[in-house]
Every structure is written in structure tokens, then in C-alpha cells.
Amino acid sequence: MEEGLSSLKQYALPVSKLASWVAAGAMVFGGVVPYIPQYRDIKRTQNAEGFSIYVCLVLLVANILRILFWFGRYFEPPLLLQSIIMIMTMLVMLKLCTAVRVANELTTRRRAFTDFDLQYFWLWSRFIDYIQCVLAFTIVAAYITYLLIDSSLFVETLGFFAVFTEAMLGTPQLYRNYENKSTDGMSITMVLMWASGDTFKTAYFILNQAPSQFWICGLLQVCVDITILFQAYYYERYPQKPSSHTVPSTSTKAL
């Protein structure tokens, strides 16, 4: 009997390690998966109107701040790697969307980051302008973090703001559904993917004892996803207006 238990423990350890690696891999790459078909669709149609580049802005800010938070309070390496990969993914999306948008624009006027025109913020004509903006934000945020790294209040606030920003990505869709009184044009499958991904993330945060900011905002994301799913059920069951008048919605959420 003791030999059987010893043999079971011997096999259980590699299985446990394998499960841990799979979970870590899902955390690192799971967030960028939805953008692969989006990228291919934009590339194929040469039309970027269905994708909001403000998603890139929010995710870039959130993940840059999360990396800076790591210097003040250590957390799981897969979460750090996830932020680096997400930043790279958003830059790739920005490069494609900018090229497609400029090619389809009728105006010949070019807008640049150095114009410092708030009316056209994040609507620049060259990819290099987005790089300049991201670098400027990173340098300023890194310098402030360097000065205040010994302040636990600042570090905890930085971490909360980083994950809270990402947690709010579903709210534009939620508000759009409320305004339209309909979810026509919204992919239910995509929302289910959000909910499953956010649930997995939150469970990962809790099981791996990530900083409380992570799992609290993870729970908030799950609540937003569930609310959107409830909207889909409610507006389908109790239509508020003819679907022909509904404005198609554009997803602004990331896993």
C-alpha cells in the first residue's frame, strides 16, 4: 500500500507541474488570442472601422503601469510576461490600423503627436507618432515611479490603477447596449469568451496569491461580462425597439 501511494505521488508531481505550466501559458498568451482574427480581418478587408484604436491606448497604459508596479511589488512572472506581450500586440495592431486608416482617408492633411492638438489625440497619421507618445508616457511614469518607489501607498495605488483601467474595457460595450436598448451586432460568442477568460484569470490570481488589486479587478471584469450577457437576454426577451433601428456595436474589450 505504501508503495502504491509512493508511486501515485511520483506521478502526481509531474502532472501538477504540467498543469501549472499550461495555466501560466494560458495567462501569458490568452489575452492576445482574440486579436489574431481581428488582425487578419483588417488585413484582408483593408478596413479598420470595426476596431477601436482606443482599446490599444487603454491596454498600453494599463500594461505599462502593471510593469512599473512589478518593480514596487513583485508578482508572478507570467503576469509580467503577459503585459510585455500585450504591449507588443497592441503596437502591431496600431501599426496596421494606422496604415489602413491613412490609406482610406480622403484628406491629405497629416496629423502628428508633436502638434499637441487634443482634438486629434490618438488619431495621428504615422505609426511613429504613437511610438513617441508611448515612450513619452513610459519615461514620465517610470521617473515618477522611481521617485516614489519607497511609498507603499503610491505602489498600491499604481497597481490598482493599472488593473482597474483594464477591468473597465467592457464598459463601453455595456453603455452602447444600454443606449441602443439592444445587443444586435454584438457577438454573444465573443462575450462568452470574455467571461470565460476573465473567470480563468481571476481564479489564477486567487490561487497564485497575486496582489489583491488583481483579483478584485478580475471580479469586476467578470461582473461586467455577466451584466452584458444579461443585457443580451433581456433585450432579446423584451425588445425595446425594432432591431432595424439598432446601430451595430463595436467591441472594445480585451481578454
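Colour the chain by secondary structure to begin: this predicted model contains nine helices and zero strands, and from the N terminus on its elements run α-α-α-α-α-α-α-α-α. Of the 255 residues in the protein chain, 41% count as buried, while the accessible surface comes to about 14800 Å², with 67% of that area belonging to carbon and sulfur atoms. If you display contacts with a sequence separation of 6 or more, residues 24 or more positions apart account for 76% of them.

**Stop one: the loop after α2**

Select Gln46, which lies in the loop between α2 (35-45) and α3. Its phi is positive, at about 55°, although the residue is not a glycine, and with 39% relative accessibility Gln46 counts as partly exposed.

**Stop two: the loop between α3 and α4**

Move next to Arg73 and show its side chain together with that of Glu156, since the two meet in a salt bridge with an N to O distance of 3.1 Å. Arg73 lies in the loop between α3 (53-72) and α4 (77-104), whereas Glu156 belongs to helix α6 (residues 152-167), so the pair ties together parts that are 83 residues apart in sequence. Both ends of this bridge can be followed on a surface view: Arg73 is partly exposed at 33% relative accessibility, and Glu156 is partly exposed at 29%. By the rule applied here, the whole model has eight salt bridges.

Keep the view here and add the side chains of Trp70 and Tyr74. A search of the whole structure finds 19 aromatic pairs. In the pair formed by Trp70 and Tyr74, the ring centres are 6.1 Å apart and the planes stand at 55°, so the arrangement is classed as tilted. Trp70 is partly exposed, with a relative accessible area of 26%, whereas Tyr74 counts as exposed at 54%.

**Stop three: aromatic residues around the α4-α5 loop**

Select Phe113, Phe116, Phe121, Trp122, Trp124 and Tyr130 together, and you will have one aromatic cluster on screen. Within this selection, centre on Trp122, which lies in the loop between α4 and α5. Trp122 has a phi near 65°, a positive value in a residue other than glycine, and at 1% relative accessibility it counts as buried.

Then add Arg126 and Asp129, whose side chains meet in a salt bridge at 3.1 Å, N to O. Is each partner of this bridge buried or partly exposed? Asp129 is buried, with a relative accessible area of 0%, while Arg126 counts as partly exposed at 44%.

**Stop four: a nonpolar patch and a charge over a ring**

Switch to a surface representation and select Val140, Tyr143, Ile144, Tyr146, Leu147 and Leu148, which make a nonpolar surface patch of about 640 Å². Leu148, one of these residues, is placed in helix α5 (residues 127-148) and is partly exposed, with a relative accessible area of 38%.

Return to sticks and go to Tyr178 and Lys181, where the charged end of Lys181 sits over the ring of Tyr178 at 4.0 Å from the ring centre.

**Stop five: helix α8 and its partners**

Which salt-bridge partner does Lys201 have in helix α6? Select Lys201 with Glu166, and the closest N and O atoms of their salt bridge are found 3.6 Å apart. This pair links distant parts of the chain, with Lys201 in helix α8 and Glu166 in helix α6, 35 residues apart. Both Lys201 and Glu166 are buried. Extend the selection to Arg66 and Asp198, because salt bridges that share partners join Arg66, Glu166, Asp198 and Lys201 into one network.Finish with Ala195, which lies in helix α8 (residues 188-207) and is buried, with a relative accessible area of 12%. Leaving aside neighbours within four places in sequence, Ala195 is in contact with Asp225 and Leu229. Add Val222 as a last selection: Ala195 and Val222 are 27 residues apart in sequence, and their C-alpha atoms are 5.8 Å apart in space.

Technical notes. Residues numbered from 1 in each chain as written. Predicted model: local features only at pLDDT ≥ 70, side-chain atom pairs only at ≥ 80, totals over all residues. Heavy atoms only, no water. Phe/Tyr/Trp six-rings, centres within 6.5 Å; stacked < 30°, edge-to-face > 60°. Buried < 20%, exposed > 50% of the residue type's maximum accessible area, 1.4 Å probe, protein only. Lys NZ or Arg CZ within 6 Å of the ring centre and 35° of its normal. Patch = residues over 30% accessible without salt bridge, like charges linked within 9 Å, V, L, I, M, F, W, Y side chains within 5 Å. Areas by Shrake-Rupley, 256 points an atom, 1.4 Å probe, with all protein chains shown as cover. Salt bridge = Lys/Arg side-chain N within 4 Å of Asp/Glu carboxyl O. Helix = DSSP H or I, 4+ residues; strand = E, 2+ residues; numbered from the N terminus. Contact = heavy atoms within 4.5 Å.
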